[in-house]
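Visitor: I have a chain on my screen and would like to get my bearings. Could you walk me through how its parts fit together?

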Amino acid sequence: MTVFKNYPKSFSHIGITVPKIQEAVKFYSEVMGWYVIMAPSTVKKEKETAIGQMCIDVFGENWEEFEIAHLSTSDGIGVELFSFPHGVKEAPEFNPFNTGLFHFCIQDPNIEVLIEKILTYGGKQRMPIREYYPNEKPYKMCYVEDPFGIVFEIYTHSYDLTYSSGAYQK
C-alpha cells in the first residue's frame, strides 16, 4: 500500500468565462489592479499545437475558436479569462445552494473604495458591508458582482486572520 504524505497545495489560478474579453480585461485590470500577463488572443481548434490539442481535450469537439487572456493578482494567483463566441452571454442565476463553485474572494483593506470603483465600472453591491467581529476587530466582508454578473466576495483581511479567532463563535 502506498502512503501519501499530505501537505497544503497552493492555489494556481481560476478560469472565468466572460461575454466580452476586452471589457473583462479592462474591468479586472483597472478595478482590481490585476496585471495583464497575456493580452487577449484567439485560440483555434486544431491538433497541430500543444495548446490546440489541450483545448480539444478540455472542451471537446464542439467549438471552433475562443478568446483567452491571462491576468495575475499581486500575490501571483492567475486569472484566466475565456470568451466563447457562441456561448451564453449572461451569468447563470446566483444559486449557492447547488453543488459547484459559486464565488471567489479577493482581499483589499479599502473595501469601501473598491466597492465604489466596482459600481462606477458597472458592477453591483449585493449586500451591505458586514463586520465579522463588530466593535472588536476591523475584519469586513461584502459580496459584489462584476458587470458581467459574476459574483465574488471581498475581504479586508486575510482568510487565516478572519477565521483563526472563530468567526462563528461568540
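Visitor: Which domains does the domain assignment give for the protein chain?

Guide: Happy to help, and please keep in mind that this is a predicted model. Along the sequence, the chain follows the pattern β-α-β-α-β-β-β-α-β-β-β-β-α, with four helices and nine strands. The assignment divides the chain into domain 1 (11–87) and domain 2 (91–169).

Visitor: How many residues does each domain bring to the contact?

Guide: Start with the centres, which are 24 Å apart when taken over C-alpha atoms. The two sides then contribute as follows: domain 1 gives 14 residues, and domain 2 gives twelve residues.

Visitor: Which residues of domain 1 lose the most area to domain 2?

Guide: The area buried between the two domains is about 1,100 Å², and carbon and sulfur atoms give 83% of that area. On the side of domain 1, three residues together account for 43% of what is buried there. They are F27, V31 and M32.

Visitor: How many salt bridges and how many residue pairs in polar contact are found across the interface of domain 1 and domain 2?

Guide: A salt bridge here needs a side-chain nitrogen of Lys or Arg within 4 Å of a carboxyl oxygen of Asp or Glu. The interface has zero pairs that meet this rule. For polar contacts, the count is three residue pairs.

Visitor: Which element gives the largest share of the side of domain 1 that touches domain 2?

Guide: Two elements give two or more residues to that side, β1 (13–17) and α1 (21–30). By class, the side has ten nonpolar, one polar and three charged residues. The largest share, six residues, comes from α1.

Visitor: Where does UniProt place the feature "domain: VOC"?

Guide: This annotation comes from an unreviewed UniProt entry. The span is 20% helix and 32% strand, and its end C-alpha atoms lie 19 Å apart. UniProt places the feature at residues 10–157.

How values were computed:
Residues are numbered from 1 along each chain as its sequence is written. This is a predicted model: local features need pLDDT of at least 70, side-chain atom pairs count only at pLDDT 80 or more; totals for chains, interfaces and linings use all residues. Side-chain values use heavy atoms; hydrogens and water are left out. Domain bounds come from an automatic or database domain assignment. Contact means heavy atoms within 4.5 Å. Buried area is the accessible area (1.4 Å probe) that two parts lose on being put together, summed over both. A polar contact is a pair of N or O atoms within 3.5 Å; within protein, one must be able to donate a hydrogen and the other to accept it, and residues adjacent in sequence count only if both atoms are side-chain atoms. Ala, Val, Leu, Ile, Met, Phe, Trp, Tyr, Cys and Pro count as nonpolar, Asp, Glu, Lys and Arg as charged, and the others, Gly among them, as polar. UniProt positions are given in the numbering used here, feature names are shortened, and annotations may be inferred rather than shown by experiment.
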